Amino acid sequence: MIDLRVLFVLFVILPILEIWVLIRVGGFIGAVPTIALVVLTAAIGAALLRQQGLATVSQAQLKMQQGNIPLEEIVAGIFLAVGGALLLTPGFITDVIGFSCLIPGLRKVLLGWVMKHLIANGSVQFRHTHTSSQKSAPGSTIEGEFRRED
């Protein structure tokens, strides 16, 4: 469940900070250059999103062809979607967060931090039940259990 404080920050505090930063930057470099910079970051973000998205889909397809679950690519896809949305949102704070989601090295660091916190507070739990003596033939069915603990 999302904490109400997080929603307050996302929908009240962040937009106020974005407006403040846009006004400060506009006062320093002017309105037209500020608008141009916002449009430029959106264009760069769209191009980076396209490139990273295609690379992630390609990696996911390769893993699936090898019979592996593309878990990292699925999570990376979520980060790419969030990053793309943030880059299309006018503002410099959201651009920094958005670019962090789109740049592979920064995305890995961010992903590690998020997973660490999700596991630490019990939102995500991993149980490994496959032992090294259990080998499955290619194309065979692997049975498992899923249980969500809230």
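A crossing of two helices is called left-handed if the near helix is turned anticlockwise from the far one by less than a right angle, and right-handed if clockwise. The exercises below apply this and related terms to a predicted model.

**Exercise 1.** Determine how helix α3 and helix α4 are oriented towards each other, and which residues make their contact.

*Solution.* Begin with the axes: those of α3 (residues 71-88) and α4 (residues 92-102) come within 8 Å and cross at roughly 150°. Since angles over 145 degrees count as roughly antiparallel, α3 is therefore roughly antiparallel to α4. The handedness comes next, and the crossing of α3 and α4 is left-handed. On the α3 side the contact is made by F79, L80, V82, G83, G84, L86 and L87, while α4 contributes T94, D95, I97, G98, F99, C101 and L102. Sorted by character, the residues of this contact comprise nine nonpolar, four polar and one charged.

**Exercise 2.** Identify the residues of the largest nonpolar core and the elements that give two or more residues to this core.

*Solution.* The largest nonpolar core has five residues in all, namely L48, L80, L87, F99 and L102. The elements that supply two or more of these residues are α3 and α4. Turning to L48, and leaving aside its neighbours within four places in sequence, one finds L48 in contact with F99, L102 and I103.

**Exercise 3.** Decide whether α4 is largely enclosed or largely open, using its buried residues.

*Solution.* Buried means under 20% relative accessible area, and the residues of α4 that are buried are F92, T94, D95, G98, F99, S100, C101 and L102. Because eight of the eleven residues of α4 are buried, α4 is largely enclosed by the rest of the structure.

Note on methods
Residues are numbered from 1 along each chain as its sequence is written. This is a predicted model: local features need pLDDT of at least 70, side-chain atom pairs count only at pLDDT 80 or more; totals for chains, interfaces and linings use all residues. Side-chain values use heavy atoms; hydrogens and water are left out. Axes are lines fitted to C-alpha atoms, for helices over the stretch in contact, and angles run from 0 to 180 degrees between N-to-C directions. Helices (H or I, at least four residues) and strands (E, at least two) are DSSP runs, numbered from the N terminus. Angles under 35 degrees count as roughly parallel, over 145 as roughly antiparallel, 65 to 115 as roughly perpendicular and the rest as oblique. Contact means heavy atoms within 4.5 Å. Ala, Val, Leu, Ile, Met, Phe, Trp, Tyr, Cys and Pro count as nonpolar, Asp, Glu, Lys and Arg as charged, and the others, Gly among them, as polar. A nonpolar core is a set of buried Ala, Val, Leu, Ile, Met, Phe, Trp, Tyr and Cys residues joined through side-chain atoms within 4.5 Å. Buried means under 20% relative accessible area, exposed over 50%, partly exposed in between (1.4 Å probe, protein chains only).
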